[in-house]
Amino acid sequence: LKNCEETVCAVGPLVSVIPQSDGYFSKYISFFFLSPFFMGPSKYKNSFFNRNFEGTVDSIYLGFFKTEDLLSIGGFNHELERKQDIDLFRRLKELTGKNLFISNSLKAQYILKHDTVYGITKRSYIQGTYAGSDIGNIRMAHIIPFLALVFFVIISIFSFRAGLTIFLFYSLMSAFFGFYEKRNFLSLPLAIVIFSLVHSSYTLGNMIGLVGSFFSTTKRDSY
């Protein structure tokens with residue numbers, strides 16, 4: 001951090017993911033978790049597509065910060081239920097005018113607690129509700145599944161064949177990204193099922209979060 005402090009306000013590690021349990025499917029889920037197609041592109045994840053990446057990023061995992069910078073922005077906003085890190089990074093970059101940086105000389109392991117199909121689906125749903133309800137800190141990557149679903153539904157209404165083609169293309173994309181993270185032929189069907197469940201639950205959470213946010217805003221405006 002000291003060597004690049006003129007342009008960088010925080011440095012984070014490359015992250016590999018390991019499952020908490022020894023379940024057979026847990027290993028696949030932990031590899032899928034790295035994929036940019038699973039829960040969005042995060043360059044700090046040491047996936048097949050970001051192997052040994054180093055450079056500026058939008059967010060980091062853990063990392064090293066200058067104490068005076070964190071004190072000057074008041075640290076984390078404890079009033080936020082979720083996404084405190086995204087809010088912190090935004091305020092930190094605004095204060096310093098500098099970037100976040102990933103160094104491939106720093107390594108970290110993330111232990112995935114939600115390493116079952118039910119667990120990762122539930123996690124995805126909860127993240128979707130928070131993304132939908134926290135409009136101020138939402139990024140385009142957070143609402144892509146929702147927009148994709150809207151597009152798919154509209155196209156399918158006008159043309160069943162076009163909708164089926166989109167679904168098959170999505171399945172092929174899931175299989176492709178899953179296989180490249182875990183080079184095993186079982187990855188192909190598992191990726192199609194697990195990616196679909198994760199994206200569907202996240203999108204459902206998005207919709208519920210957006211509806212809840214709309215009604216809470218309407219209720220505040222009525223007073």
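Helices here are DSSP runs of H or I with at least four residues, and strands are E runs of at least two, both numbered from the N terminus. With that in hand, here are some notes on this predicted model.

1. Let me start with a loop. Asparagine 52 sits between helix H1 (24-32) and strand S2 (55-57). Its phi is positive, about 60°, although asparagine 52 is not a glycine. Most residues other than glycine have a negative phi. Asparagine 52 counts as partly exposed because its relative accessibility is 45%, and the partly exposed class runs between 20% and 50%.

2. A second residue deserves a look on the same grounds. Leucine 62 also has a positive phi of about 60° without being a glycine. You will find leucine 62 in the loop between S2 and strand S3 (64-65). With a relative accessibility of 54%, leucine 62 counts as exposed, since the cut-off for that class is over 50%.

3. Now for the charged pairs, where the count comes to four salt bridges. One of them joins glutamate 68 to lysine 66, with the closest N and O atoms 3.6 Å apart. Glutamate 68 is partly exposed at 48% relative accessibility, and lysine 66 is partly exposed at 22%.

4. Helix H3 (residues 84-96) is worth a closer view. Arginine 90 and aspartate 87 both belong to this helix, three residues apart, about one turn. They form a salt bridge whose closest N and O atoms are 2.7 Å apart. Aspartate 87 is buried, because its relative accessibility is 5% and buried means under 20%. Arginine 90, by contrast, is partly exposed at 34%.

5. Which residue forms a salt bridge with aspartate 87 at 2.9 Å between the closest N and O atoms? That partner is arginine 91. Aspartate 87 and arginine 91 are separated by about one helical turn, because they lie four residues apart in helix H3. Arginine 91 has a relative accessible area of 18%, so it counts as buried. Through shared partners, salt bridges join Asp87, Arg90, Arg91 and Glu94 into one network.

6. Finally, please look at the nonpolar surface patch of about 950 Å², whose members include Tyr125, Leu149, Phe158 and Met207. Helix H4 (117-133), helix H5 (140-158) and helix H7 (187-222) are the elements that give two or more residues to this patch. H5 supplies the largest share, six residues. Leucine 149 lies in helix H5 and is partly exposed, with 33% relative accessibility.

Technical notes
Residues numbered from 1 in each chain as written. Predicted model: local features only at pLDDT ≥ 70, side-chain atom pairs only at ≥ 80, totals over all residues. Heavy atoms only, no water. Patch = residues over 30% accessible without salt bridge, like charges linked within 9 Å, V, L, I, M, F, W, Y side chains within 5 Å. Areas by Shrake-Rupley, 256 points an atom, 1.4 Å probe, with all protein chains shown as cover. Salt bridge = Lys/Arg side-chain N within 4 Å of Asp/Glu carboxyl O. Buried < 20%, exposed > 50% of the residue type's maximum accessible area, 1.4 Å probe, protein only.
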